[in-house]
Amino acid sequence: MLLLQRKHFDAAQWSLETASILVPLAHASQLALAECYIDSGFVEAARSIYCYLAAAIRIDSELLEALADGLGRVGERDLALDVCREAAQRLPRSAGPLLGIAYYLRRLRRPAASVLPYLKRAFDLDPRNLECRIGLAWMLHATGRSADGAGLLDELQVAQLECVRSLTMMHRVFEAAAEYNFASACKYRLDSLAAQRLRERS
């Protein structure tokens with residue numbers, strides 16, 4: 001597990017496979033082995049582990065996020081959604097599982113209206129979380145409520161944001177809501193980040 005934390009995937013894989021011959025691996029170790037398999041290109045082996053763990057009855061709550069992420073990486077989005085739903089039931093005061101549900105619903109191309117309630121609940125639980133706020137604003141925009149979405153965003157300090165995806169979403173919401181000053185601020189920040197990254201490459 002320490003080798004994996006240090007990104008020594010080959011050595012971690014060898015150690016975990018050797019351990020699995022001697023004793024049954026704990027769920028956390030199985031997740032670690034699946035991560036090593038993904039790094040090595042053995043996606044089907046990773047998929048088998050993730051699907052097995054998704055069917056496990058007593059997997060620890062703290063492992064559910066990593067399990068959902070792994071399932072998503074191997075294309076098992078329906079199972080990932082199920083794991084996020086399980087996490088939401090076990091951790092009703094946490095916004096993370098609700099964000100996961102919303103993410104996989106979008107990946108499964110479910111209607112925006114069916115995603116919106118989960119993002120609203122996530123935002124109510126953690127209104128200071130930028131991902132909750134921007135995600136909810138975007139989904140309000142997607143359901144024809146761009147002005148409401150813009151209202152969630154106009155207090156954010158655009159000049160301090162680094163995420164291009166978030167800034168792009170904010171720019172589109174502000175434009176749709178005819179909040180052109182805020183939209184211009186997002187565009188200026190996006191241009192500044194692009195210029196900065198170009199300088200860093202040269």
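**Backbone outliers, salt bridges and the largest pocket**

Arg109 lies in the loop that joins H7 and H8, and in this predicted model the residue adopts a positive phi of about 60° although it is not a glycine. Most residues other than glycine have a negative phi. Arg109 has a relative accessibility of 77% and therefore counts as exposed. A positive phi, of about 65°, is also found at Lys7, again not a glycine. Lys7 is placed in the loop between helix H1 (2-5) and helix H2 (9-22), and with a relative accessibility of 54% it is classed as exposed, because the cut-off for that class is over 50%.

The structure holds eight salt bridges. In one of these, Arg47 pairs with Glu76, with the closest N and O atoms 3.5 Å apart; the pair links distant parts of the chain, since Arg47 belongs to helix H4 whereas Glu76 is in the loop between H5 and H6, 29 residues apart. Helix H4 spans residues 43-54. The side chains of Arg47 and Glu76 also satisfy the criterion for a polar contact, at 3.5 Å. When residues up to four places away in sequence are not counted, Arg47 touches Val74 as well as Glu76. The arrangement extends to a further residue, in that Glu44, Arg47 and Glu76 are linked in a network of salt bridges. Glu76 itself is partly exposed, with a relative accessible area of 22%.

A salt bridge within a single helix is formed by Arg90 and Glu86, whose closest N and O atoms are 2.8 Å apart; because these residues are four positions apart in helix H6, about one helical turn separates them. Arg90 is partly exposed, with a relative accessible area of 30%, and Glu86, at 30% relative accessibility, is likewise classed as partly exposed. In another salt bridge, the side chains of Arg145 and Asp148 meet at 3.0 Å, N to O. Both partners are partly exposed, Arg145 having a relative accessible area of 40% and Asp148 one of 41%.

Arg133, located in helix H9, is by contrast buried yet without a salt bridge, the nearest side chain of opposite charge being that of Glu155, 5.3 Å away. This separation explains the absence of a pairing, because a salt bridge requires a side-chain nitrogen of Lys or Arg within 4 Å of a carboxyl oxygen of Asp or Glu. Apart from neighbours within four places in sequence, Arg133 is in contact with Phe123, Pro127, Leu152, Leu153 and Leu156.

The loop between helix H8 (112-125) and helix H9 (130-142) contains Asp126, which has a relative accessibility of 28% and so counts as partly exposed. Beyond its neighbours within four places in sequence, Asp126 is in contact with Ala95 and Cys132. Asp126 and Ile57, 69 residues apart in sequence, are 29 Å apart in space, C-alpha to C-alpha.

The largest pocket encloses about 730 Å³ of space. It is lined by 36 residues, of which Gly96, Leu99, Gly100, Tyr103 and Glu131 are the closest to its centre. Two or more lining residues are given by each of helix H5 (64-73), helix H6 (77-90), helix H7 (96-107), H9 and helix H11 (164-176). Among the contributing elements, H7 gives the most to this lining, with nine residues.

Methods. Residues numbered from 1 in each chain as written. Predicted model: local features only at pLDDT ≥ 70, side-chain atom pairs only at ≥ 80, totals over all residues. Heavy atoms only, no water. Buried < 20%, exposed > 50% of the residue type's maximum accessible area, 1.4 Å probe, protein only. Contact = heavy atoms within 4.5 Å. Polar contact = N/O pair within 3.5 Å; in protein donor to acceptor, adjacent residues only side chain to side chain. Lys, Arg positive; Asp, Glu negative; His and termini not counted. 1 Å grid on protein atoms, 1.4 Å probe; cavity = no way out; pocket = protein on both sides within 12 Å on 5 of 7 lines; lining within 4 Å. Points joined across faces, edges and corners; volume = space filled by probe spheres on them.
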